[in-house]
Each structure stands twice: as C-alpha cells, then as structure tokens.
Amino acid sequence: MGMLSYRHAFHAGNAADILKHSVLLFCLDYLGQKDTPYLCIDTHAGAGFYSLDSGYALQNREWERGIGRLAGFTRDHSGGETASASPGPLERLTALARDFRPCPADSGLYYPGSPALIRALLRPRDRAVCFELHPADFAILKQTLGTDRRFSLRREDGFAGLKSLLPPPSRRACVFIDPPYEIKEDYENLPHSLAGALKRFPTGLYIIWYPLLGNKDAALPETLFGLHRGNRCRAELRTASRTDRGMYGSGLVILNPPWTLKAALESALPVMADLLGEDRHEWDLRWESPSRGRGI
Ligand code: SAM
C-alpha cells in the first residue's frame with residue numbers, strides 16, 4: 001500500500017467523523033468565547049469537503065450510517081430518528097453540515113471536512129494552518145480555501161511541521177491531529193510530534209483522533225496520555241463487534257479540554273452510541289484532572 005493511498009472521500013461523514021467533528025466544533029466554539037484570537041492547526045486536513053452523491057463516497061455509503069442518521073441532515077433521508085433529542089455538539093455539527101455548500105448555487109449533497117468546519121467558525125482575527133500531503137486533496141483544498149487570507153495551506157508533513165508553529169503569538173491554539181493510520185509510521189510519528197509540540201506549548205488544546213482496530217491493541221491513547229501532565233480526557237465510541245478486520249469504533253484523546261466538554265460529551269456520547277452503533281452501542285469517557293490529586 002502506497003504511503004498516500006488513503007482518501008478520506010471514502011469515509012466522509014461516517015461515525016468517526018461525527019465524533020471527531022462534533023468535538024472539534026465544540027472546542028472552537030469554546031475558544032471563540034474570548035476576544036483573544038486563536039490559531040487552529042489541522043495537521044492532516046484532507047480535501048476540505050466531500051461530495052456524498054458522487055465519486056468515492058458512493059462506494060460504501062459510509063455517510064448513511066453516520067451523518068445520514070442525524071436528524072435534519074437530509075430532508076428526504078429515511079434516517080434521523082432523533083430531531084429534538086440531539087444535544088449541543090451533535091446539533092451544531094448537523095446544522096453546519098446540512099447548510100454547507102462548496103459554492104452557493106450548488107444543490108448536491110456534501111459533507112464538510114475539518115477545514116470547512118474550521119472555516120465556518122473562524123472569526124476574522126483568528127488564523128488556521130492546514131497540512132495535507134496528498135496532491136489531489138491538496139489541490140481541492142487550495143481551490144476552496146486558497147483565497148481565504150486567514151488560512152495558510154501547506155503541502156507538507158503535518159507531524160514534522162507542527163512544532164514550528166508553536167507557541168502561537170496569542171498563546172491560544174487548537175491542534176487537530178487526524179492521521180490516516182494506514183502506515184505504521186503514523187503510530188511512531190504521532191507521539192514524537194505531539195511530545196515536541198507539548199514541550200513548546202504545554203497549554204494548547206490538542207484533539208487527537210484514533211481508530212479502534214480489531215488486529216491492534218489500543219495502546220496509543222495510553223501513550224498519548226503519558227505525554228501530558230495537565231487535564232486530559234479520552235472519549236471512545238464502539239459501534240461494531242470486534243473482529244480481526246476493520247474498525248470497530250474510534251476515539252479521541254483531548255489534552256487541556258475545555259471544562260465544559262465533560263458535560264457535553266456525557267450527553268452527546270450516549271446519543272452517538274445509540275444512533276451510530278451497528279451491533280454495538282458502547283461509549284466511554286475518561287476524564288483526568290491531575291490538580292484534583294492522582295495517587296502520590
Ligand atoms: N482531517 C480531515 C477531516 O476531518 O476532514 C480528514 C483527514 S484524513 C483522516 C487524513 C489525511 O492526511 C489524508 O487526506 C492524507 O492524504 C493526509 N496525510 C497523510 N499523511 C500525512 C502527513 N504526514 N502530513 C499531512 N497530511 C497527511
């Protein structure tokens with residue numbers, strides 16, 4: 001498998017995207033509550049947005065078991081069982097995804113990637129940096145975000161480039177780390193890159209997504225937790241039975257999470273597990289605040 005074989009268009013709008021994107025939006029909303037500008041760094045940005053009714057997305061139709069199950073995303077979709085029960089982060093994502101168009105006249109069905117979601121929340125004084133290595137995805141990203149002066153787009157390795165951006169001048173940043181995990185180097189480069197970033201900027205808000213794969217031990221969250229002494233949390237969603245093949249769920253490690261995220265996840269995760277689960281509907285939230293005293 002080539003290093004750049006991963007194309008997010010196959011997976012856009014799936015259950016993993018719902019988890020990672022609802023938390024990303026929540027965190028940016030939180031940073032946006034103070035006047036001081038923030039920087040958002042997307043180390044693995046993808047194409048920026050995805051068509052759901054053409055191309056790659058049609059192959060597995062993963063979005064139908066993801067964003068398609070959230071009420072109000074598509075008017076004609078049979079899913080969407082809970083209109084009113086969706087709590088904050090899910091409603092926020094669903095509304096932004098439903099209203100997203102790459103250009104105003106377009107009537108196709110789309111799902112916004114992380115760069116489009118960041119763009120929707122960024123204020124005039126905030127800044128974003130997106131890294132994307134794949135030439136085709138980078139070209140789309142450049143076409144759609146290239147004219148937005150708040151964005152800096154880099155066709156570079158996000159793991160390598162992260163450190164140089166930290167700490168940001170305003171000392172406020174959200175770092176979103178969403179690698180494909182298709183090559184084993186991702187598992188090595190991630191802790192290395194994160195350790196370097198934390199050394200330069202220990203107070204940053206870091207959101208790291210990881211898959212739960214049947215043929216792998218989920219050692220990564222522990223490794224990432226071990227790199228940080230401050231507040232941290234881990235949110236997991238397990239939607240399928242564990243088999244040797246494929247992904248049975250996914251999770252997020254969040255370092256220096258907004259304190260309000262705990263209650264938001266405690267209400268959103270059960271809804272996600274309910275709606276997005278296939279034959280498994282489990283969620284788990286681990287929240288650690290070292291200041292409250294852990295052991296010795
Ligand atoms: N963050 C995107 C979103 O939420 O919409 C999806 C990103 S997708 C899971 C991972 C992306 O990382 C792919 O588009 C892949 O081409 C890109 N990629 C892989 N290795 C990379 C690296 N070292 N630096 C930057 N981008 C990389």
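## Two loops, a ligand and two pockets

Pro167 is placed in the loop between α6 and β6, the strand that spans residues 173-177. In this predicted model, the peptide bond that joins Leu166 to Pro167 is cis, with an omega of about -5 degrees. A second backbone feature is found at Arg61, which has a positive phi of about 50 degrees although it is not a glycine. Arg61, too, has its place in a loop, in this case the one between α2, which covers residues 57-60, and α3, which covers residues 88-99.

From the backbone we turn to the ligand, which is surrounded by 20 residues, the closest being His21, His44, Ser114, Glu132 and Asp178. When the residues of this shell are divided by character, 5 are nonpolar, 9 are polar and 6 are charged. Some of the contacts can be followed atom by atom, beginning with Asp178, which places a polar side-chain atom 2.8 Å from a nitrogen atom of the ligand. The backbone takes part as well, since a polar backbone atom of Gly158 lies 2.9 Å from a nitrogen atom of the ligand, and a polar backbone atom of Leu133 lies 3.4 Å from a nitrogen atom of the ligand. Taken alone, the ligand would expose 610 Å², and the protein buries 98% of that area.

Which pocket holds the ligand? The ligand sits in the second largest pocket, whose volume is about 500 Å³. This pocket is lined by 33 residues, of which His44, Glu132, Asp178, Pro179 and Pro180 are the closest to its centre. His44, Glu132 and Asp178 are also among the residues closest to the ligand itself. Three elements give two or more residues to the lining of the second largest pocket, namely α1, α6 (158-161) and α7 (184-200), and the largest share, 3 residues, comes from α1. By character, the lining of this pocket divides into 12 nonpolar, 12 polar and 9 charged residues.

The largest pocket remains to be described, and it contains about 940 Å³ of space. Its lining is made up of 34 residues, and those closest to the centre of the pocket are His11, Leu213, Gly246, Met247 and Tyr248. The elements that give two or more residues to this lining are the helix α1 (15-31) and the strands β7 (205-213) and β9 (247-255). Helix α1 therefore appears in the description of both pockets, as an element that gives two or more residues to the lining of the largest pocket and likewise to that of the second largest pocket. The residues that line the largest pocket divide into 14 nonpolar, 11 polar and 9 charged.

Methods:
Residues are numbered from 1 along each chain as its sequence is written. This is a predicted model: local features need pLDDT of at least 70, side-chain atom pairs count only at pLDDT 80 or more; totals for chains, interfaces and linings use all residues. Side-chain values use heavy atoms; hydrogens and water are left out. A residue is near a molecule or strand if one of its heavy atoms lies within 4 Å of it. A polar contact is a pair of N or O atoms within 3.5 Å; within protein, one must be able to donate a hydrogen and the other to accept it, and residues adjacent in sequence count only if both atoms are side-chain atoms. Accessible areas come from the Shrake-Rupley method with a 1.4 Å probe; for residues, only the protein chains shown count as cover. On a 1 Å grid over the protein atoms alone, a cavity is a set of points where a 1.4 Å probe fits but cannot get out, and a pocket is an open set with protein on both sides within 12 Å along at least five of seven lines; lining residues have an atom within 4 Å of a point. A molecule sits in a cavity or pocket if more than half of its atoms lie within 2 Å of its grid points. Ala, Val, Leu, Ile, Met, Phe, Trp, Tyr, Cys and Pro count as nonpolar, Asp, Glu, Lys and Arg as charged, and the others, Gly among them, as polar. Grid points are joined across faces, edges and corners, and a volume is the space filled by probe spheres set on the points. Helices (H or I, at least four residues) and strands (E, at least two) are DSSP runs, numbered from the N terminus.
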